[in-house]
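This briefing is meant for a reader who is new to the structure. Please look through the sequence and the model first, and then turn to the notes on helix packing and cores.

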Amino acid sequence: MSATTTSLIICALLIGGALSGVLLRRLLPDSHLDAHAKDIVRLGCALIATITGLVLGLLINSGKNSFDAQRDDIRLLTAKIEMLDYLLDEYGPQARPAREELRKVLPDMIDRIWDDGTTKQNKRFAATAVGHTTYQMVAALSPTTEAERTIRNQALELANAILQTRLILHEQSSTRMPLPFLVVLVFWLYILFASFCLFSPLNPTAFAAIAVIALSASGAIFLILELYRPFSGLMQIDSESLRQALAPLAP
């Protein structure tokens, strides 16, 4: 389910919570809605509101950290790929086939990274045939000088580092907002919205205010869900810089 759909459902639930408060107000006898009951409910809801605010803040911070980590990994991956291409260029014409193969593997790598971020992850990572071929071609270089040997070793280290970063991105793609957190958070918000209308009548102005507040609360949850999905949705990481990392080889 998309973050937008989930947020809209939560918004509807919160408005339903306010309406349930109206219904309770009509069903309960006046003795259950006296000043003492009002004080208890307000104090209890103040505590719930404080806890809810803390949890929302923690979830936003956690989601932002997760989003930033994966965005930084994409930037690091881009830099490593550019550096590998530079080293192969420095090696000389013997490394040109490897550079050509690197350009073939890049689009598929990008598609798989963004596909991992939009599908449920219960599968192990497997390198593509083109990626395996590229690594083998770098490893098969036959240096004849000390400079070529140094460049080849550095290129192999970079190839291993690229694979490691790719594996990290694959593992991070399964990170999602914990469902128990979401369920408990919505439950707390539902109680708060029910308390809004338990002691006060609901006129059109009050209902409009309730709707705006519900939209704002569900918007915060939408933001959290989007941060946990950096390769899909409205806030996804741009792949253009990675796609443009390697310029076409001169004929």
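In this predicted model, helices α3 and α5 are roughly parallel to each other, since angles under 35 degrees count as roughly parallel, over 145 as roughly antiparallel, 65 to 115 as roughly perpendicular and the rest as oblique. Local features need pLDDT of at least 70 and side-chain atom pairs count only at pLDDT 80 or more, while totals for chains, interfaces and linings use all residues. Residues are numbered from 1 along each chain as its sequence is written, and side-chain values use heavy atoms, with hydrogens and water left out.

**α3 against α5**
- The axes of α3 and α5, lines fitted to C-alpha atoms over the stretch in contact, with angles running from 0 to 180 degrees between N-to-C directions, come within 9 Å and cross at roughly 25 degrees.
- From α3 the contact (heavy atoms within 4.5 Å) takes in M109, R112, I113 and D116, and from α5 it takes in I162, R166, L169 and H170.
- Sorted by class, this contact has four nonpolar, one polar and three charged residues, where Ala, Val, Leu, Ile, Met, Phe, Trp, Tyr, Cys and Pro count as nonpolar, Asp, Glu, Lys and Arg as charged, and the others, Gly among them, as polar.

**α6 against α7**
- Helix α6 (residues 179–196) and helix α7 (residues 204–227), both DSSP runs of H or I with at least four residues, numbered from the N terminus, have axes that come within 12 Å and cross at roughly 165 degrees.
- That angle makes α6 roughly antiparallel to α7.
- On the α6 side the contact is made by L182, L185, V186, L189, F193 and F196, and on the α7 side by I210, I213, A214, A217 and I221.
- By class, this contact has eleven nonpolar, no polar and no charged residues.

**Nonpolar cores**
- The largest nonpolar core, a set of buried Ala, Val, Leu, Ile, Met, Phe, Trp, Tyr and Cys residues joined through side-chain atoms within 4.5 Å, has 30 residues, and those with the most contacts inside it are L77, I81, L88, I113 and W114.
- Two or more residues of this core come from each of α2 (35–91), α3 (96–116) and α5 (146–172).
- A second, separate core of 28 residues includes L59, M177, L185 and I210.

**R99**
- R99 lies in helix α3 and counts as buried at 12% relative accessibility, buried being under 20% relative accessible area, exposed over 50% and partly exposed in between (1.4 Å probe, protein chains only).
- Not counting residues up to four places away in sequence, R99 touches D85, L88, D89 and L249.
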